[in-house]
Amino acid sequence: MSTTSVASSTGLNWTYAPAPETADPKIRSRYELFIDGRFVPPAEGQYRTILNPATAEPLTEVAEAGAADIDRAVKAARRAYEKVWSRMPGRERGKYIYRIARLLQERAREFAVAESKNGGKPIRESRDTDIPLSVAHFFYYAGWADKLNYAFPGARARPVGVCGQVIPWNFPLLMAAWKIAPALATGNTVVLKPAETTPVTSLKLAELIQEADLPPGVVNIVPGGRPTGAALVQHPGVDKIAFTGSTAVGKWIMKALAGTRKKYTLELGGKAANIIFEDAAIDQAVEGIINAIFFNQGHVCCAGSRLLVQEGVAEILITKLKQRIRTLIIGDPLDKNTDIGAINSREQLNRIESLVASGREEGAEIWQPDCPLPEKGFWYRPTLFTNVSQAHRIAQEEIFGPVLTIQTFRTPEEAIERANNTPYGLSDGVWTDKGAKIFKVTRQLRAGVIWANTFNKFDPTSPFGGYKESGMGREGGWHGLLPYVELEETA
Amino acid sequence: MQVVQQPYPNWHPSPPVDQVGVEERVARLAARSIKKESKVAALKLALSMIDLTTLEGSDSPGKVRQLCYKAKHLHDALPDLPHVAAVCVYPTLVRVAREELAGSGIKVAAVATAFPSGQADRETKIRDTRYAIDEGAEEIDMVISRGAFLRGEYGYVYDEIAEIKSLCGDAVHLKVILETGELGTLDRVRQASDLALAAGADFIKTSTGKIQPAATLPVTLVMLEAIRDFHLRTGQKRGMKPAGGIKTAKTAIQYLVMVNETLGPEWLTPSLFRIGASTLANDILMQLAKETTGVYQCADYFSQA
């Protein structure tokens, strides 16, 4: 930069200096299973090395629960359910959940750094979204614990029993909160299996649950891969399964549970349409598109991965979208200025790469910014596809990465038809300055969550869940209590 | 006075602005963490973009001379400091400022067109502007007729700006003050920005500094978006000047981040971005001194303008 020239015709070439978040994540070098209120080694002695996806280097090692461990955890949960938790008055249960919420809030920064180190997501998101929302879920459901009679007038809400909960790697702590908080509030006990690549914050939550002095066995955390999850789903001592993850695994769970007495809720994949009408506030819509598809590297089941643009604004919108993408900062997840972090695992990176390759082969036109990527770790550039046909795999299958397909439409009817033309039905977005159009269009969209002039907004008071192959049951809000209770008429 | 309603040339309907979306974008930009060498570079750049301003009824030649000296010597204890971009005064004080700033490279800007209210007829505004230019103003900061704009007389406002610009010609830079604090909504800010750019404004400027709120980040973002769209349509680069209420180095950096990520680094130059301020410079100087010495000095060590 020229420090004295007023009339310099070229601007400052300004690169933001690194601004790393330095809080200590307090990650142990080894984690055991959390069963019956204690950390215990796994029966078969198996441990899994957990990587930091931003460097592909080991972060810690975590015990792998086998069938015997699952059995131990389910029995502990059963004992806790029958002897303590289901008999405890709601107001007392509520105190424990409030305590978890407060402890988590006090240690928010530590959990945020741990989440970013284990999952690869930018600290901006773990700090501003994942951890605060997790805290909010515990606070929200703590409030319901002593008010269940008011939630279901004329009925008594009894707990279901022991809940087996299997959660994904994209929002590790938040998904644990979504699952644990309503289960505890309604008097159930829990055996939770975190995803195989991201168990760290669940296990830190286990430490915190110990600190909160929750009765032993009320919450058990059993890390592991698919066999662990399968053992939990199929264990006869489990009364209810709550699963968030892929549609393929969701279908397997439905088959496995067919003919059993177990209740289940499934929150599965998505392929959301994000519909931009010509009368939308275009610059804000561009920002909404960025948040819809690049939030958490696109590892979001409700990500706005199919952009449908009305043709009158398609050209300008795509121009602006590319301009905006060029300003995204990709790199160290712990840098406060990072917009896009690391892809969660080698396996997921391979999946993204293979689907993008199919897009090229099928004739769609690809665009990526020429930003530098770190040398180590798992990374993928934000990617746009134009010239996309509804029949392309990239328009049909969930990519779960920072990849956006763009299609144009002429009439609202065409947009609605395209949006609904998918086996999924989790979420959609609509952008228009006309209120009446919002209501007219959203009434016809088949999706569990529809955002108008915004995207990827979450709140514990709002139910979340899908139509069609995006799942069944709702989590969050009053609706989120239902899967965890049996209703008895009291009239 | 006969008001003639007419569409302005190359008219494009202004896109709607979503206030909630603008505020979210602003919050995200304001959360950028600017440290170390990138902070020093930004602070020096911000200094070089300041239009050091005094616009009081009580302004005197002596006060303007002091201001001009400060403009040239921001803080001689620190090496390698830039000078500010311009000194901004009333037309009657332009001649004094020109004398003081001769050979410094610092421009002299004058407010005109019945600043700050703009409540005068066209002839008075033209005379006011011509006087400022004749006195030696190199930049004119005009105000739009907000009353006419809010009544929907866009043609009137367009003509007013176009006529002042024709007085300025290529030699004198025209900044058009929208006085966004009187426009009420971001939609109107956007419309006024589009109108001023179409009518020939070299810069669009938020405020006179006499009305609250003056410059804000959301208003500035909307105006920068208008400049971006104008550039996309015409290839021409126009400038932006938030003015009033920017008092701290931290806020100034937030504005620079916004320019950088909305219009791009080509706009990070005093020829395309200015900050109208009277007290900002010393806060930046305190920050720069702290980056050099590691400790904050008290305000008494920094000369007032």
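This report walks through two interfaces and one small sheet in a predicted model.

**Two domains in chain A**

Chain A splits into domain 1, made of 30-268 + 469-484, and domain 2, which covers 273-461. Measure from centre to centre over C-alpha atoms and domain 1 and domain 2 of chain A sit 29 Å apart. The contact between them involves 37 residues of domain 1 of chain A and 34 residues of domain 2 of chain A. Three residues stand out here: P53(A), W169(A) and S470(A) supply 19% of the area that domain 1 of chain A buries against domain 2 of chain A, more than any other three residues.

As for polar links, 13 residue pairs are in polar contact across this domain interface, both partners being at pLDDT 80 or more. Helix 3 (108-119) and helix 4 (123-144) of chain A are the elements that give two or more residues to the domain 1 side. Helix 4 of chain A gives the most, with 10 residues. Sort the residues on that side by class and you get 14 nonpolar, 14 polar and nine charged.

**Chain A against chain B**

Now for the contact between chains. Here 39 residues of chain A touch 43 residues of chain B. The polar contacts across this interface come to 16 residue pairs, again with both residues at pLDDT 80 or more. On the chain A side, helix 10 (282-294) and helix 11 (311-326) each supply at least two residues. By class, that side holds 14 nonpolar, 15 polar and 10 charged residues.

**The two interfaces in one view**

The size of an interface is often given as the accessible area lost when the parts come together. Here are those values, along with the salt bridges.

| Interface | Buried area | Share on carbon and sulfur | Salt bridges | One salt bridge in the model |
|---|---|---|---|---|
| Domain 1 and domain 2 of chain A | about 2800 Å² | 61% | two | E57(A) and K376(A), 2.8 Å, N to O |
| Chain A and chain B | about 3300 Å² | 52% | seven | D283(A) and R228(B), 2.7 Å, N to O |

**A three-stranded sheet**

Chain A also has an open sheet of three strands in the order 1-5-4, with mixed pairing. Its edges are strand 1 (30-31) and strand 4 (47-52) of chain A, each pairing on one side only. Strand 1 of chain A runs parallel to strand 5 (residues 57-63) of chain A, and the two pair over two bridges. To find the spot in the structure, look for R30(A), which stands opposite E61(A) in strand 5 of chain A.

Key:
Residues are numbered from 1 along each chain as its sequence is written. Chains are lettered from A and ligands numbered from 1 in the order in which they are written. This is a predicted model: local features need pLDDT of at least 70, side-chain atom pairs count only at pLDDT 80 or more; totals for chains, interfaces and linings use all residues. Side-chain values use heavy atoms; hydrogens and water are left out. Domain bounds come from an automatic or database domain assignment. Contact means heavy atoms within 4.5 Å. Buried area is the accessible area (1.4 Å probe) that two parts lose on being put together, summed over both. A salt bridge is a side-chain nitrogen of Lys or Arg within 4 Å of a carboxyl oxygen of Asp or Glu. A polar contact is a pair of N or O atoms within 3.5 Å; within protein, one must be able to donate a hydrogen and the other to accept it, and residues adjacent in sequence count only if both atoms are side-chain atoms. Helices (H or I, at least four residues) and strands (E, at least two) are DSSP runs, numbered from the N terminus. Ala, Val, Leu, Ile, Met, Phe, Trp, Tyr, Cys and Pro count as nonpolar, Asp, Glu, Lys and Arg as charged, and the others, Gly among them, as polar. Two strands pair if DSSP finds at least two bridges between them.
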